[in-house]
Amino acid sequence: PNLSDDDGLLKFPDDLMIGVSTSAYQTEGAWDIDGKSPSNWDEYTHVKNFTPNADIACDSYHKYKEDIKLAANANFKFFRMSLSWSRILPTGSLENINYDAINHYKKVLNEVKKQGMIPFVTLYHWDHPAIFDKFGGWNSEKMIIAFNNYAQVVFKNFASIVKFWTTINEPIAYCYYEHGKGFLPPGDTFEGRGPYICGQNMLIAHAQVYHLFKKKYNNYNPNSQIGIVNACWNFYPANSSESESAVIAFQYNCGWLSNPIFSKKGDYPDIMKQRIKENSYLEGLSTSRLPELSKSMIKLIKGTSDYFGLNYYTSRMTNNVKKSQSEKWFDDSGVDMTINNEWPMDVAAWLPIVPEGLGDMLRIIKNKYKNPPVYILENGIASDGNRYDLERTKYFYSHMKEMLIAKNRDDCNVKAYVVWSLLDSFEWVARYSQPFGIVHVDHNSPHRTRTPKTSYYWLKDMIHQRALPSTFITPLHPPKII
Ligand code: PNW
């Protein structure tokens, strides 16, 4: 778009909050301290002998005050974090509530508020008590009951302190990488079925917990909000005759779990139901590999998010294929997804840098789902470990610019933009090789020393000015300390 400096398009409107995100397992460490039981990730990284692992991670369990201060000093208004399920309910049962964990999180949450920020709490960012994997984790419906129990304890103890809630972080990424590919603990592979079953169980667990909150805990805090967050890629057809492929890809990625919540009709996208059923019949099965949502489930799920939680990182090119040789999930879609070799690449191989994908995704959400309030809850890159992180700074500039244009010019109802991530933290199976932090953490030092990077100071500046310059201005090296 053609922008002049004075048309106000690059100003941060008053109703836009800028925040920063972390997650429990990726930062806390203290894996067996104060009554915590091993989580699925503790078990997995120990059995598989991950070196290094996340037993200490950033040691945020002990250093939370320093982390919160760092975030507050950069002018962030939102502090997004998650709670460790295996700390709060070590046996998974309501009979063993760990009050040491409750007290710990009370201290953390009160510190966030004391430092002038709003806590935004995720119940589930991929770590649960390891014992649940004995019955199949999210492939079992038992997980739905377990999640309800956990949510009840959390709400009872924290709903008077916390206003903003997310039930589950990125169900699709988790279900696909764990229950499809077996890349995550416990390493199940159940391609063609696992992700769909896991997705459905999470969707139902989410919806029940949403209703539980609205019924019993909504009044603990005025104007509380609760929702779910999905990771959505944007898709571009590889050639103009295949524009349909990008639309289908959207339905398999973002639409799969958004449609049941945000569309008027509810349920999974039609194209998904239709193709998976067809493929299942061709394979000689008598029912679809995609489980069905009954009428009452559709009703239960519809409308269960007060906002559209969006994690945006990247995009893909699409084209139609008859039967791809690749993964079952893409196979069912009949769409192949590739990386355009003109897109600059991040050090994380799945992350080509496509800022316009964020703007386009926001416009799609606006048009498809009646312009819901959107919280962008993650956006960032791994870049490298360098403290002069010019690539990351540019990434934030170009993505924030797209977001501001979508909001200020196209009236997309964006309410928050949250950076992933505050710290260089445990990046799941990539260990510490993909540092997403705006603050460097020295993982070789027992002190886990924190040092803000250039992007940290740049963001601090932008949030203070509440506007972006019309072109990117390269920050000084070394970072300017403000
Ligand atoms: C997110 N993909 O997951 C998670 O919410 C974070 O915990 C994680 O640290 C962050 O991304 C960076 O990896 C994703 O393949 C996993 O597109 C995979 C994808 C996207 C996000």
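Over the face of which residue does R431 lie, and at what distance from the ring centre? The legends below answer this for a predicted model.

**View 1. R431 and the ring of F50.** R431 is placed over the face of F50. The distance from the ring centre is 3.5 Å.

**View 2. The aromatic pair of F50 and F426.** A pair of aromatic rings is described by the distance of the centres and the angle of the planes. For F50 and F426, the centres are 6.5 Å apart and the planes meet at 45°, and the pair is tilted. F50 belongs to the loop between α2 (40-47) and α3 (60-73), while F426 belongs to the loop between β11 (414-420) and β12 (439-441); the pair therefore ties together parts that are 376 residues apart in sequence. Both F50 and F426 are buried. In total, the structure contains 49 aromatic pairs.

**View 3. R316 and the ring of W233.** Here R316 lies over the face of W233. The ring centre is 4.1 Å away.

**View 4. The closed barrel.** Eight strands form a closed barrel with parallel pairing, in the order β1-β2-β3-β4-β5-β7-β10-β11. From one strand to the next, the twist averages 25°.

**View 5. Strands β2 and β3 of the barrel.** Strand β2 covers residues 78-82, and strand β3 covers residues 118-124. The two strands pair in the parallel sense over 5 bridges. Which residue in β3 is the bridge partner of R80? The partner is F120.

Note on methods: Residues are numbered from 1 along each chain as its sequence is written. This is a predicted model: local features need pLDDT of at least 70, side-chain atom pairs count only at pLDDT 80 or more; totals for chains, interfaces and linings use all residues. Side-chain values use heavy atoms; hydrogens and water are left out. Two strands pair if DSSP finds at least two bridges between them. Helices (H or I, at least four residues) and strands (E, at least two) are DSSP runs, numbered from the N terminus. Axes are lines fitted to C-alpha atoms, for helices over the stretch in contact, and angles run from 0 to 180 degrees between N-to-C directions. Rings of Phe, Tyr and Trp (its six-membered ring) pair if their centres lie within 6.5 Å; planes under 30 degrees apart count as stacked, over 60 as edge-to-face and the rest as tilted. Buried means under 20% relative accessible area, exposed over 50%, partly exposed in between (1.4 Å probe, protein chains only). A charge sits over a ring if NZ of Lys or CZ of Arg is within 6 Å of the ring centre and within 35 degrees of the ring normal.
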